[in-house]
Amino acid sequence: MLKQLLISEAYKAYRALARAPFGAEPFEPNENDFIEIHLGEVYCRVKVGDELCGNALQSRGALVNHVKKHHTDIKVLASESTGNPSMAKISAARIWYSAVMKTHNEIASKKASQHDPNVPEPPLTPVVAARRLLSLFRSRSQQVLNDLRSLPSRRQTRRRVKLLAMLTTAGQPV
Ligand SMILES: [Zn+2]
């Protein structure tokens with residue numbers, strides 16, 4: 001199931017979020033009152049008060065179990081029967097992830113441009129955290145390199161030490 005979805009950049013970005021995307025709609029019950037959980041969906045979209053539950057699960061199956069266990073008033077169908085999902089289902093899911101990530105990115109860039117300290121940033125994914133650490137390390141080591149370059153050369157230092165010694169000796173009482 002995931003293999004066919006992982007071709008999708010939108011789906012990969014969705015999985016990298018580690019939280020429900022910004023602006024995601026709550027699960028929609030169908031005509032039989034069952035909610036539909038998309039292929040590969042891993043973040044809980046049950047409405048809790050004014051926001052989404054947002055719990056992150058490891059797989060769609062785990063999400064189904066989470067909804068059954070923690071949101072007992074919600075009707076959810078059992079996990080997909082075994083076998084490969086139809087192309088139509090995969091396409092429908094890909095279209096859904098594209099739309100969801102488009103909305104998420106729009107809201108995220110708005111939030112970023114506002115720089116509102118009261119809006120907490122979404123938690124960093126390990127990849128993003130590692131990248132930030134690496135760039136911090138690079139800028140620090142560049143600074144250390146520059147400091148080293150600005151140091152006087154060895155010969156200059158030796159000359160200075162000699163000069164200083166001479167001055168000190170000259171100043172001392174005989
Ligand atoms: Zn939930």
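**A walk from α2 to α4 and back**

Start with two helices: α2 goes past α4 in a left-handed crossing. The residues in this contact split into seven nonpolar, one polar and one charged. Keep in mind as you click around that this is a predicted model.

**Stop 1: the crossing.** Two packed helices are described by the angle between their axes and the distance between the axes. Select α2 and α4 together: their axes come within 8 Å and cross at roughly 60°. That angle makes α2 oblique to α4. Now show the side chains where they meet. On the α2 side, pick Ala-10, Tyr-11, Ala-13 and Tyr-14. Facing them from α4 are Arg-94, Tyr-97, Ser-98, Val-100 and Met-101.

**Stop 2: Tyr-11.** Stay on helix α2 and select Tyr-11. Is Tyr-11 buried or exposed? Tyr-11 is buried, because 24 other C-beta atoms lie within 10 Å, and 20 is enough to count as buried. Which residues does Tyr-11 touch, leaving aside neighbours within four places in sequence? Look for Leu-5, Leu-6, Gly-40, Arg-94 and Tyr-97. Next, try the distance tool from the C-alpha atom of Tyr-11 to that of Val-100: the two are 9.5 Å apart, although 89 residues separate them along the chain.

**Stop 3: along α4.** Select residues 87–114, which make up helix α4. How far apart are its end C-alpha atoms? They are 41 Å apart, and this agrees with the 40 Å that 28 residues should span at 1.5 Å a residue. Now colour the buried residues of α4: Ala-93, Arg-94, Tyr-97, Val-100, Met-101 and His-104. What covers them includes α1 (residues 2–5) and α2 (residues 9–16).

**Stop 4: the loop after α2.** Move on to the loop between α2 and β1 (34–35) and select Ala-18. Most residues other than glycine have a negative phi, and most peptide bonds are trans. Ala-18 goes the other way: its phi is positive, about 65°, although it is not a glycine. Ala-18 counts as partly exposed, because it has 14 C-beta neighbours inside 10 Å.

**Stop 5: Asp-33.** In that loop between α2 and β1 you'll also find Asp-33. What is the phi of Asp-33 near? Its phi is near 75°, again a positive value in a residue other than glycine. Asp-33 is exposed, because just 8 other C-beta atoms lie within 10 Å, and 12 or fewer counts as exposed.

Terms used:
Residues numbered from 1 in each chain as written. Predicted model: local features only at pLDDT ≥ 70, side-chain atom pairs only at ≥ 80, totals over all residues. Helix = DSSP H or I, 4+ residues; strand = E, 2+ residues; numbered from the N terminus. Expected span 1.5 Å × (residues − 1). Contact = placed C-beta atoms within 7 Å. Axes fitted to C-alpha atoms, helices over the stretch in contact; angles between N-to-C directions. Parallel < 35°, antiparallel > 145°, perpendicular 65-115°, else oblique. Left-handed = near helix turned anticlockwise from the far one by under 90°. Nonpolar A, V, L, I, M, F, W, Y, C, P; charged D, E, K, R; others polar.
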